[in-house]
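Biologist: Please justify each term that you apply to this model.

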Amino acid sequence: FILGETCSALLLFISIMTMFMSGVVAIFEYDLKKIIALSTLSQLGMMMFSISLGLYELAFFHLLTHALFKALLFLCAGILIHGAGNTQDIRSFGGLSLNFPLVTVCMNLANLSLCGVPFLAGFYSKDLIVELACQYSWGIFVLFMMFICLSLTVLYSVRLTYLSFVGPYGGGTSISVCESDYSLVGPVVILSFTSLVSGPILSWLNFPAPVLIFLPVFLKWGALFFVGVSLLVMLSLQGLAYSYKWGAVSKFSGLMWFLPWLTGQGFSMKTLKNA
């Protein structure tokens with residue numbers, strides 16, 4: 001490795017913990033933009049995880065595919081916020097698929113790509129990182145945490161979809177006139193198309209020769225198995241969707257494990273108060 005064994009091990013640990021923390025916090029978050037930002041943090045952790053294993057080209061490949069479907073996700077979120085009376089609280093959404101059918105389809109397409117559903121853009125990069133990590137991994141703990149982080153991605157994505165489009169109406173005001181504005185919908189449609197076709201195209205451009213992967217059957221299907229199980233778990237646990245029922249766990253996760261206070265707020269408050 002270019003980074004050296006010690007630096008790679010440290011980066012591996014930090015990247016896995018970043019993916020895990022951001023996934024757990026996103027499950028208990030209500031702010032739409034914060035959920036997408038935490039999702040971005042999780043995928044950056046995935047890229048650093050790939051770099052820690054020496055898979056630099058795959059990290060760049062995932063950066064490109066992630067940029068396309070995450071841009072689509074942010075644009076769809078902006079349209080929803082604008083159409084829902086400038087509110088970002090997903091508890092005030094619910095049933096928006098009736099007022100925003102096109103945005104619903106495009107945003108769910110971006111969410112499915114983020115989860116790594118086969119034949120979408122995110123699948124070609126994430127699945128390749130997971131399979132090569134299984135082939136060259138440093139131990140069972142790394143594999144277990146990697147699959148757990150994949151499951152968390154599916155959990156908060158399905159929760160976001162349920163509360164925004166499928167769940168009961170949250171009481172906020174919504175207007176569907178946003179979909180008649182082509183300056184808003186046009187870029188969303190274009191990015192939706194790229195989320196469909198960018199995966200294989202970028203794969204052919206970055207890897208002209210096929211990548212050979214030798215794995216046992218249970219590891220080969222491991223990623224899709226965890227994605228499917230997480231989808232079923234999230235659909236059956238509506239209490240996790242409305243995470244106010246989880247009390248202290250929700251509060252602890254909402255504060256991002258006290259990291260803002262430990263890394264800056266606590267020190268700056270003390271020093272500025274003394275000054």
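**Terms and their evidence**

Modeller: A salt bridge joins the side chains of Asp-89 and Arg-91, with 2.9 Å from N to O. This is a predicted model, in which local features need pLDDT of at least 70 and side-chain atom pairs count only at pLDDT 80 or more, while totals for chains, interfaces and linings use all residues. Residues are numbered from 1 along each chain as its sequence is written, and side-chain values use heavy atoms, with hydrogens and water left out.

Biologist: Why is the contact of Asp-89 and Arg-91 called a salt bridge?

Modeller: The term requires a side-chain nitrogen of Lys or Arg within 4 Å of a carboxyl oxygen of Asp or Glu. The N to O value for Asp-89 and Arg-91 is 2.9 Å, so the rule is met. By this rule the count is 1 salt bridge.

Biologist: What makes Asp-89 partly exposed?

Modeller: Buried means under 20% relative accessible area, exposed over 50%, and partly exposed in between (1.4 Å probe, protein chains only). Asp-89 has 25%, so it is partly exposed; Arg-91, with 40%, is partly exposed as well.

Biologist: How do you know that helix H5 is largely enclosed by the rest of the structure?

Modeller: Helices are DSSP runs (H or I, at least four residues), numbered from the N terminus. Of the 16 residues of H5, 13 are buried, so H5 is largely enclosed.

Biologist: How does the span of helix H5 agree with what is expected?

Modeller: The expected span is 1.5 Å times one less than the number of residues. For the 16 residues of H5 (residues 121–136) that gives 22 Å, and the end C-alpha atoms are 24 Å apart, which agrees.

Conventions:
Helices (H or I, at least four residues) and strands (E, at least two) are DSSP runs, numbered from the N terminus.
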